[in-house]
Amino acid sequence: MIITVTMNPAVDKTGELDDFVLGGVNRLKNVIIDAGGKGINVSKTLRVLNKPNMACGFVGGSNGNTIRTALQKMMIMSDFVSVAGGETRSNLKVKSIFGMTEFDEPGPVVTAEELQQLMDKLKKHAKPGTMFVLSGSLPSGVPTDIYKQMIEMLHQCGCKVFLDASGEALRQGLEAQPDYIKPNLAELRDLYDFHDEFESTESMVAWSKEKAVDLLSKGPRMVSISLGAAGGVFTDGIETIFAPAKKVDVLSPVGAGDAMTAAIAYCLDSNMHFHDVIRYAIAVSCGACTTEGTKPPSKEVIIQLLRS
């Protein structure tokens with residue numbers, strides 16, 4: 001069983017613009033609404049991979065009910081804490097001539113009592129060998145060391161923890177030595193306070209490999225770095241491998257990183273070989289780029305990409 005934890009889920013709205021009028025009316029077309037948030041995206045992809053999982057976190061208001069209903073229709077178990085301090089956020093993603101532009105709301109305020117309710121739920125579900133995937137941003141009211149607290153608690157229960165976070169939540173979470181991490185390039189640059197431009201894809205990959213090995217020394221069993229359209233870097237302490245992305249017709253790159261997290265979690269929970277972890281990570285994340293909105297790739301697409 002894999003438990004995903006989404007502290008700040010969202011109802012994702014994705015639309016398209018033929019043109020963009022600054023200061024004027026812009027009419028979206030092909031609007032798609034999805035239950036979203038990083039951990040929920042992981043749960044949706046795990047469902048396609050036929051991996052039993054449960055989605056946990058915070059939801060509030062009518063948007064929270066939309067997420068519960070969507071997961072129920074997808075036959076994904078959930079055990080959320082209902083928050084009283086506001087509505088689950090709505091995020092707008094607009095595809096235009098400028099690329100994909102995202103407008104993300106902050107989300108509701110979470111009280112100390114509600115946070116404790118979530119910690120109690122996670123402890124209840126924590127069984128030896130269970131994998132927890134802790135993903136995404138934190139809502140107001142939640143301390144930046146919450147992932148660190150969760151990792152320490154879950155390790156005491158004999159669980160494995162996959163951390164996919166950014167900024168201070170990632171920095172402090174690393175102190176608790178999560179078993180697996182998957183920062184993207186932007187998160188990695190922020191973590192190492194590196195702002196220089198890369199001269200080439202090769203230099204970017206070389207730098208990412210170096211930092212992946214350094215992160216491994218901080219405690220994780222495996223480090224994966226998602227490099228967007230370039231592919232990914234993976235290290236398990238024995239090998240450090242760059243895997244290029246597969247060529248696909250991209251409809252939306254949003255959620256591809258979460259699909260990679262899901263693929264890695266699926267493989268690790270299934271005790272697959274390191275090389276198979278990489279194969280699935282690239283195939284599933286590239287497959288997610290071929291779908292509209294934040295939908296996961298179909299199993300047929302995943303199989304096709306695994307064979308290519």
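**Thr6, Thr88 and four packed helices**

Modeller: Let's start with Thr6, which sits in strand 1, residues 2-6. Bear in mind that this model is predicted.

Colleague: Happy to. What makes Thr6 count as buried?

Modeller: Its relative accessibility is 2%. Buried means under 20%, so Thr6 qualifies. Leaving out residues up to four places away in sequence, Thr6 touches Gly37, Lys38, Gly39, Ile40, Cys56, Gly57, Phe58 and Ser135.

Colleague: How do you know that the side chain of Thr6 has a polar partner in the backbone of Ile40?

Modeller: The backbone nitrogen of Ile40 is 2.9 Å from a polar atom of that side chain, and the cut-off for a polar contact is 3.5 Å.

Colleague: Now Thr88. Where is Thr88 found, and is it buried or exposed?

Modeller: Thr88 belongs to the loop between strand 5 (77-82) and strand 6 (89-96). With a relative accessible area of 2%, set against the limit of 20%, Thr88 is buried. A polar atom of its side chain lies 2.7 Å from the backbone nitrogen of Gly60. Beyond its neighbours within four places in sequence, Thr88 is in contact with residues including Pro9, Ala10, Phe58, Val59, Asn63 and Pro108.

Colleague: On to the helices. Why is helix 8 called roughly antiparallel to helix 9?

Modeller: Helix 8 (residues 256-269) and helix 9 cross at roughly 150 degrees, and their axes come within 8 Å. Angles over 145 count as roughly antiparallel, so the name fits this pair. Their crossing is right-handed. Among the residues making the contact are Ala259, Met260 and Ala263 of helix 8 and Tyr280, Val284 and Ser285 of helix 9. By class, this contact has 14 nonpolar residues, one polar and one charged.

Colleague: You mentioned Ser285. What makes Ser285 buried?

Modeller: Ser285, in helix 9, has 7% relative accessibility, under the 20% limit, so it counts as buried. A polar atom of the Ser285 side chain lies 2.7 Å from the backbone oxygen of Ala281. Apart from neighbours within four places in sequence, Ser285 is in contact with Ala256, Ala259, Met260 and Tyr280. The C-alpha atoms of Ser285 and Thr45 are 9.8 Å apart, although 240 residues separate the two along the chain.

Colleague: And why are helix 9 and helix 10 described as oblique?

Modeller: Helix 9 (residues 274-288) packs against helix 10 (residues 299-307) at about 130 degrees, with axes 9 Å apart. That angle is not over 145 and lies outside 65 to 115, so the two helices are oblique to each other. The contact includes Arg279, Ala283 and Gly287 of helix 9 and Val301, Ile302 and Leu305 of helix 10. It comprises eight nonpolar, one polar and one charged residues.

Colleague: What makes helix 1 oblique to helix 8?

Modeller: Helix 1 (residues 38-48) and helix 8 pack at about 55 degrees, their axes 8 Å apart. Because 55 degrees is neither under 35 nor within 65 to 115, helix 1 is oblique to helix 8. This crossing is right-handed. Lys38, Asn41, Val42, Thr45 and Leu46 in helix 1 meet Asp258, Ala259, Thr261, Ala262 and Tyr266 in helix 8. Those residues divide into five nonpolar, three polar and two charged.

Notes
Residues are numbered from 1 along each chain as its sequence is written. This is a predicted model: local features need pLDDT of at least 70, side-chain atom pairs count only at pLDDT 80 or more; totals for chains, interfaces and linings use all residues. Side-chain values use heavy atoms; hydrogens and water are left out. Axes are lines fitted to C-alpha atoms, for helices over the stretch in contact, and angles run from 0 to 180 degrees between N-to-C directions. Contact means heavy atoms within 4.5 Å. Ala, Val, Leu, Ile, Met, Phe, Trp, Tyr, Cys and Pro count as nonpolar, Asp, Glu, Lys and Arg as charged, and the others, Gly among them, as polar. Buried means under 20% relative accessible area, exposed over 50%, partly exposed in between (1.4 Å probe, protein chains only). A polar contact is a pair of N or O atoms within 3.5 Å; within protein, one must be able to donate a hydrogen and the other to accept it, and residues adjacent in sequence count only if both atoms are side-chain atoms. A crossing is left-handed if the near helix is turned anticlockwise from the far one by less than a right angle, and right-handed if clockwise.
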